[in-house]
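Below is a set of questions and answers on one model. Each answer ends on the value or name asked for.

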Amino acid sequence: MLELDGLVRHFDDTIALDRLSFTVPRGQVFGFLGPNGAGKSTAMRAVMRLTALDAGQVRWDGATYDLDTCRGFGYMPEERGLYPTMRVAEHLQYLARLHGLTTAAARQRAAEWLARLGLSERAQDKVEALSLGNQQRVQLAAALVHEPQLLVLDEPFSGLDPVGVDELAGVLRERARAGAAVLFSSHQLDLVEQLCESVAIVHRGRCVASGTVRELGRTGARRVEVEVTGDPDARWAAALHGVRVLGTEHGRARLVLGDGVDPQQVLAAAIAAGPVEHFAVCSRRLSEVFREAVGRPLEDVQGGVPR
Ligand SMILES: Nc1ncnc2c1ncn2[C@@H]1O[C@H](COP(=O)(O)OP(=O)(O)OP(=O)(O)O)[C@@H](O)[C@H]1O
């Protein structure tokens with residue numbers, strides 16, 4: 001288990017981490033979310049002992065640890081750090097050796113991970129000859145090559161094509177099933193919602209929401225998704241007390257119900273407005289949880305259209 005406990009980090013007048021605390025259990029793919037500049041990369045660098053803390057502690061399996069322990073972790077930094085003129089396979093073997101593998105094991109693992117990430121044919125190419133997305137795959141292979149028990153990945157999905165996204169999601173699930181703790185940052189909330197059991201949302205250096213995606217979705221005002229034939233914008237709902245139309249998507253309106261509003265009353269109003277094609281009481285989406293947690297309601301950001 002990885003524990004971030006009251007982390008504080010200042011850069012001159014900027015407070016990058018402001019008593020940040022959350023826990024990443026083993027066996028989970030854990031999403032680390034937050035707006036630009038919220039403190040995600042700084043927190044990940046602190047986990048890897050690459051930045052000093054003004055206060056707080058990071059613990060792995062209950063104990064503080066040194067830089068040497070970090071060599072056993074898998075880390076993909078925000079600033080990608082490969083040697084451009086090294087050949088892909090040679091580069092991975094070199095990094096695997098740095099993580100303590102024997103020459104033979106390094107060669108074997110490098111070949112396995114290149115195959116897994118679809119890069120076997122590029123093994124003898126120089127890193128700089130690869131597209132950005134493929135360089136990213138090499139960087140991921142570098143974080144995975146020693147099959148670490150803790151993976152810390154800073155925006156690992158950015159720049160990957162949809163096949164690459166699926167492959168990486170599969171790899172992260174597999175590592176978690178093998179007992180590793182997997183912490184990654186992302187701005188792709190739909191992907192995080194599908195992939196992660198739990199998330200932490202950081203804003204201005206503080207954890208403003210954390211828990212399982214399911215629990216977080218259940219908190220807050222209830223949502224209703226409804227489709228009335230001929231009225232995709234749910235004009236009928238605007239007149240209902242305590243009901244707000246968040247937006248429409250594919251002909252279905254998403255409504256927020258205030259305290260004490262009974263979904264059955266809303267259903268009755270929908271039926272009165274016309275034939276009801278669809279009606280469902282639903283949880284908050286992660287994108288809605290996120291926007292509310294960072295203080296930017298959905299309608300302020302997207303003109304009311306949920307995505
Ligand atoms: N080396 C540094 N010197 C000065 N300020 C820094 C430094 N590193 C980070 N900061 C500041 O700390 C705050 C947190 O930055 P950080 O990079 O951790 O955010 P982030 O959540 O990773 O953002 P993004 O999603 O844009 O990558 C920002 O205000 C940033 O400008």
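Q: Is Arg204 buried, partly exposed or exposed, going by its C-beta neighbours inside 10 Å?
A: This is a predicted model, and the class is computed from it. A residue needs 20 or more other C-beta atoms within 10 Å to be buried, and 12 or fewer to be exposed. Arg204 has 17 C-beta neighbours inside 10 Å, so its class is partly exposed.

Q: Where is Arg204 found, and what is its phi?
A: Arg204 is found in a loop, with strand E8 (198-203) before it and strand E9 (206-212) after it. Most residues other than glycine have a negative phi. Arg204 is not a glycine, yet its phi is positive, at about 50°.

Q: Which loop holds Glu155, a residue other than glycine with a positive phi?
A: Phi of Glu155 is near 50°. Glu155 has 19 other C-beta atoms within 10 Å, and a buried residue needs 20 or more, so Glu155 is partly exposed. Its place is the loop between strand E6 (150-153) and helix H6 (162-177).

Q: Which element gives the most residues to the shell around the ligand?
A: The ligand is surrounded by residues including Phe11, Asn36, Lys40, Ser41, Thr42 and Glu78. At least two residues of the shell come from strand E2 (14-24), and at least two from helix H1 (40-47). The element that gives the most, with three residues, is H1.

Q: How many residues of the shell around the ligand are polar?
A: Gly34, Gly37 and Gly39 are among the residues of the shell, and Gly counts as polar here. By class, the shell has three nonpolar and two charged residues, while the number of polar ones is seven.

Q: Which helices are included in what covers the buried residues of H3?
A: Helix H3 spans residues 88-98, and its buried residues are Val88, Ala89, His91, Leu92, Gln93, Leu95 and Ala96. After H3 comes Gly100, with a positive phi near 100°. The cover over the buried residues of H3 includes helix H4 (103-116) and helix H5 (132-144).

Q: Which helix supplies the largest share of the largest nonpolar core?
A: The largest nonpolar core has 67 residues, and Leu92, Leu114 and Ala141 are among those with the most contacts inside it. The largest share of this core is six residues, and the helix that supplies them is H5.

Q: Which residues does Leu92 touch, leaving aside those up to four places away in sequence?
A: Leu92 is one of the buried residues of H3. Leu92 is also among the residues with the most contacts inside the largest nonpolar core. Leaving aside residues up to four places away in sequence, it touches Ala110, Trp113, Leu114, Ala141, Ala142 and Val145.

Q: Why is helix H10 described as largely enclosed by the rest of the structure?
A: Helix H10 covers residues 286-293, and its buried residues include Leu286, Val289 and Phe290. It is largely enclosed because the number of buried residues among its eight is six.

Q: How far apart are the C-alpha centres of domain 1 and domain 2?
A: The domain assignment gives domain 1 as 2-212 and domain 2 as 221-283. UniProt, in an unreviewed entry, lists residues 2-229 as "domain: ABC transporter". The C-alpha atoms of the protein chain fill a box of roughly 75 × 45 × 35 Å along the principal axes. The distance between the C-alpha centres of domain 1 and domain 2 is 41 Å.

Definitions and conventions: Residues numbered from 1 in each chain as written. Predicted model: local features only at pLDDT ≥ 70, side-chain atom pairs only at ≥ 80, totals over all residues. UniProt positions renumbered as here; feature names shortened; annotations may be inferred. Domains from an automatic or database assignment. Near = placed C-beta within 6 Å. Helix = DSSP H or I, 4+ residues; strand = E, 2+ residues; numbered from the N terminus. Contact = placed C-beta atoms within 7 Å. Core = buried A, V, L, I, M, F, W, Y, C linked by C-beta atoms within 7 Å.
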